[in-house]
Amino acid sequence: MKKMIFSLFILSILLMMSSCSAAPSYDIVTTMYPQYDFAKQIVGDKMTIHQIIPPGAEVHEYEATSQDMVTIKEAKLFIYTSTSIDTWIKDPSTIGGTNTIVMNLSKHYTPVDYPYAMNLSADEIAANAIHFWTDPANAVQLIQAIVEQIVLIDPANELYYRQNALDYINQINALSQEMMDYFTSPTYLGSTIYFAGHNALGSLASRYGLFIVPLFEEFKPDADLTSSELITFTNEVKDAGTHYLFIEDLALPKAANTIKDQLALDGYNLTLLKLYAFENVSTTDFEGHVTYLELLQRDFDQLKLALATT
Ligand SMILES: [Zn+2]
């Protein structure tokens, strides 16, 4: 009998250890950073949130792990971006557990007309739709949609969540209005900037009547770039007379450095500035709890710097 009690004791210790070593579960799980930040601003400390794509990682090439699938199953709310970006989601109906609300973020906004009408090509419109969260007018709708799902999970704190969502929306709208006033002033309306990355910020640019010339339309590693593409782009930058070239936050600026070095040979100086597409954030920014709002402010500051001195 004593032996049996002892074995039961060992068994219960082992069970406790195994439950401790299992991955923690979270109330809300997201693929990418924008929805991670939106949900976090709404719930504060009242719920736990986890972003499965690690900070600093490239979102377009991410493949979920089997551990990610378990984490999603245990969540109350799972928010992915779209099947165009989260390409590992082949069949959304198979994702999550029986109690998981699965939210496809791309289905929760209606494009708002751009006040400064511009002729966008079909390619540009398609790229804008893929990176829909970069337009603050869409971000506001996404926050409104996310708070509705959060209220379903935890109705007891409804007022708190709605107030947080409203406060965040008001801050984003205020900054967005400031950007609108600046970029659509007679001095800057229709300005063009050059971006040595993929066409991730088209919808942000379109909102404020700006033009962004990207190095390539769709995401692809620098290695796939042809030298003629690079030469054409370098000449465009020089012909435009700008001394600022924007680069992505997380990709190594190999192409941008090549362009910079090439132009330096002609005595033409180029300064590289980051433009945030909010797809993901660096480990440092993630640990510093950077917000979508703060990154939008950084974009505004960098764009102002480039335009004011062009
Ligand atoms: Zn992208």
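Helices and strands are taken here as DSSP runs numbered from the N terminus, a helix having at least four residues and a strand at least two. The model described is a predicted one, and within it threonine 226 has its place in the loop between strand S6 (211-216) and H8. Threonine 226 is exposed, because 8 other C-beta atoms lie within 10 Å, and a residue counts as exposed when that number is 12 or fewer. Between the C-alpha atoms of threonine 226 and isoleucine 85, which are 141 residues apart along the chain, the separation is 24 Å.

The two elements that flank this loop each take part in further packing or pairing. On one side, S6 pairs with S5 in the parallel sense, over 5 bridges, and within this pair isoleucine 193 has isoleucine 212 of S6 as its bridge partner. Strand S5 (residues 192-198) is largely enclosed by the rest of the structure, since 6 of its 7 residues are buried.

On the other side, helix H8 (residues 227-240) packs with helix H9 (residues 254-265) at an angle of about 60°, the axes of the two helices being 10 Å apart. H8 is therefore oblique to H9, and the crossing in which H8 passes H9 is right-handed. To this contact H8 contributes Leu230, Phe233, Thr234, Val237 and Lys238, while H9 contributes Ala255, Thr258, Ile259, Gln262 and Leu263. When the residues of the contact of H8 with H9 are divided by character, 6 are nonpolar, 3 are polar and 1 is charged.

A further part of the model is an open sheet, in which 4 strands are arranged in the order S2-S1-S3-S4 with parallel pairing. Strand S2 (49-51) and strand S4 (101-104) stand at the edges of this sheet, and because each has a single partner strand, one side of each is left without a neighbour in the sheet. On average, neighbouring strands of this sheet are turned by 15° against each other, when direction is ignored.

Within the sheet, strand S1 (residues 28-30) pairs with S2 in the parallel sense over 3 bridges, and valine 29 stands opposite histidine 50 in S2. Helix H2 (residues 33-43) packs on the sheet, where H2 touches S1, S2 and strand S3 (77-80). The direction of H2 makes about 170° with that of S2, an angle that counts as roughly antiparallel because it is over 145 degrees.

Definitions and conventions
Residues are numbered from 1 along each chain as its sequence is written. This is a predicted model: local features need pLDDT of at least 70, side-chain atom pairs count only at pLDDT 80 or more; totals for chains, interfaces and linings use all residues. Two strands pair if DSSP finds at least two bridges between them. Axes are lines fitted to C-alpha atoms, for helices over the stretch in contact, and angles run from 0 to 180 degrees between N-to-C directions. Two residues are in contact if their C-beta atoms, placed from the backbone, lie within 7 Å. Angles under 35 degrees count as roughly parallel, over 145 as roughly antiparallel, 65 to 115 as roughly perpendicular and the rest as oblique. A crossing is left-handed if the near helix is turned anticlockwise from the far one by less than a right angle, and right-handed if clockwise. Ala, Val, Leu, Ile, Met, Phe, Trp, Tyr, Cys and Pro count as nonpolar, Asp, Glu, Lys and Arg as charged, and the others, Gly among them, as polar. A residue is buried if 20 or more other C-beta atoms lie within 10 Å of its own, exposed if 12 or fewer, and partly exposed in between; C-beta atoms are placed from the backbone.
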